[in-house]
Amino acid sequence: MTFPFVVRRFLFAMACLAMPWVAHASDAAPARIIARDVAAASTGEGARGERWVLRSDALGEDVALRIHFPVGGIESTTVLLVAMLPPADVGRIVEHLRQRERASEIHGVVVVALEPVAPRRGQPWTPRHREPIRATAPSRLTHFLAEELRPLLREELELSGDALVAGAGAPGRAVLQAAVEARGAFDEFVVVAPRTRDVRAAARASAGIRATSPASNINLLVSPDAADAIGPAAEQWIEGPFYLEVDIAPGEATDASDYVRDRAAQLAIVRPF
């Protein structure tokens with residue numbers, strides 16, 4: 001073996017170490033908070049907000065979180081909603097939940113919205129990576145949501161209640177993928193306007209799973225036009241590991257904010273003793 005060849009192998013190995021996005025998701029380290037703005041995202045009337053920037057080894061990029069705290073602060077009953085939705089939808093969700101919190105209809109819901117580090121007006125955070133949905137090999141996005149983001153929020157915010165993650169568009173596909181690849185990571189996975197081919201791909205990936213614990217509770221909101229195509233695809237899911245509910249939007253458009261806020265409120269509802 002010649003000396004130049006050894007040097008080339010060494011440089012190649014160092015280059016691989018310097019590129020976390022090419023590593024397997026299971027090798028990625030937990031996300032780290034590299035910036036925190038405690039004055040951001042205030043929702044007024046007693047509610048407060050913060051903006052964090054995370055460094056994710058699983059994704060190989062930084063991701064910003066805009067955190068909207070419930071009116072009464074964090075309690076044991078506080079529900080976590082991770083929202084990968086446009087800012088306007090997140091704003092409507094937060095406003096509605098705060099009204100119901102003040103009326104004591106629901107327990108507190110902390111809303112964590114993912115957004116680009118350099119915000120683009122009106123645009124949500126969009127994942128860079130698109131990988132096949134596989135039940136046996138979690139993707140970068142699944143690892144980020146289940147192994148980096150959820151544990152970080154649980155620890156930093158001292159959360160012990162239920163949690164749901166919601167998305168539409170490309171982030172919605174990531175939510176559907178996480179439901180297959182990380183069952184039980186969230187109590188509920190909410191996908192707005194999923195594409196039929198993504199539901200079919202997820203169903204195929206789920207076919208070999210037989211274990212019933214932990215399970216994924218998946219809620220899909222589809223338009224009336226898409227219902228006929230998505231219905232048969234949804235029937236391919238194996239009940240037990242997955243509990244899938246398909247809801248049809250009342251109109252032609254699928255309103256992400258109304259659907260997601262209602263799913264969060266359902267988890268946080270104050271039940272009579």
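A salt bridge is here a side-chain nitrogen of Lys or Arg within 4 Å of a carboxyl oxygen of Asp or Glu. The exercises below concern a predicted model, and a search of the whole structure under that criterion finds 19 salt bridges.

**Exercise 1. Describe the overall make-up of the protein: how many helices and strands does it have, and what percentage of its residues count as buried?**

Step 1. The secondary structure consists of seven helices and nine strands.

Step 2. Of the 273 residues, 48% count as buried, and the accessible surface comes to about 13,300 Å², with 53% of that area belonging to carbon and sulfur atoms.

Step 3. Turning to contacts between residues at least 6 apart in sequence, one finds that 76% join residues at least 24 apart.

**Exercise 2. Work out the order of the strands in the sheet, and state which strands stand at the edges.**

Step 1. The nine strands form an open sheet with mixed pairing, and their order is β1-β2-β3-β5-β4-β6-β7-β8-β9.

Step 2. The edges are occupied by β1 (32-37) and β9 (242-248); each has a single partner strand, so one side of each is left without a neighbour in the sheet.

Step 3. From one strand to the next, the twist averages 20°.

Step 4. For a pairing inside this order, take β4 (residues 79-84) and β5, which run parallel and are joined by five bridges; Val 79 stands opposite Val 109 in β5.

**Exercise 3. Determine which strands helices α4 and α6 meet, and at what angles the helices run.**

Step 1. Helix α4 (residues 170-181) packs on the sheet, where it touches β4, β6 (163-168), β7 (188-192), β8 (216-222) and β9. The direction of α4 makes about 140° with that of β6.

Step 2. Helix α6 (residues 224-234) lies across β8 and β9, and its direction runs at about 165° to β9.

**Exercise 4. Compare the span of helix α7 with the expected value, and list its buried residues.**

Step 1. Helix α7 covers residues 256-268, which is 13 residues, and reaches 18 Å from its first C-alpha to its last, close to the 18 Å expected at 1.5 Å a residue.

Step 2. The buried residues of α7 are Ala 256, Ser 257, Tyr 259, Val 260, Arg 263, Ala 264, Ala 265 and Ala 268.

**Exercise 5. For the salt bridges of Arg 55, Arg 130 and Arg 48, identify each partner and decide whether the residues are buried, partly exposed or exposed.**

Step 1. The classification needs its cut-offs: buried means under 20% relative accessible area, exposed means over 50%, and partly exposed lies in between.

Step 2. Arg 55 and Asp 62 meet through their side chains at 2.9 Å, N to O. Arg 55 has a relative accessible area of 35% and is therefore partly exposed, and Asp 62, with 25%, is also partly exposed.

Step 3. Arg 130 forms a salt bridge with Asp 198, the closest N and O atoms being 3.5 Å apart. This pair links distant parts of the chain, 68 residues apart, with Arg 130 in the loop between β5 (109-115) and α3 (140-157) and Asp 198 in helix α5 (residues 196-206). Arg 130 counts as exposed because its relative accessibility is 52%, whereas Asp 198, at 6%, counts as buried.

Step 4. Salt bridges that share partners join Arg 36, Arg 48, Glu 50 and Glu 156 into one network. Within it, Arg 48 and Glu 50 meet at 2.9 Å, N to O; Arg 48 is partly exposed at 44% relative accessibility, and Glu 50 is buried at 8%.

Terms used:
Residues are numbered from 1 along each chain as its sequence is written. This is a predicted model: local features need pLDDT of at least 70, side-chain atom pairs count only at pLDDT 80 or more; totals for chains, interfaces and linings use all residues. Side-chain values use heavy atoms; hydrogens and water are left out. Helices (H or I, at least four residues) and strands (E, at least two) are DSSP runs, numbered from the N terminus. Buried means under 20% relative accessible area, exposed over 50%, partly exposed in between (1.4 Å probe, protein chains only). Contact means heavy atoms within 4.5 Å. Accessible areas come from the Shrake-Rupley method with a 1.4 Å probe; for residues, only the protein chains shown count as cover. The expected span of a helix is 1.5 Å times one less than its number of residues. Two strands pair if DSSP finds at least two bridges between them. Axes are lines fitted to C-alpha atoms, for helices over the stretch in contact, and angles run from 0 to 180 degrees between N-to-C directions.
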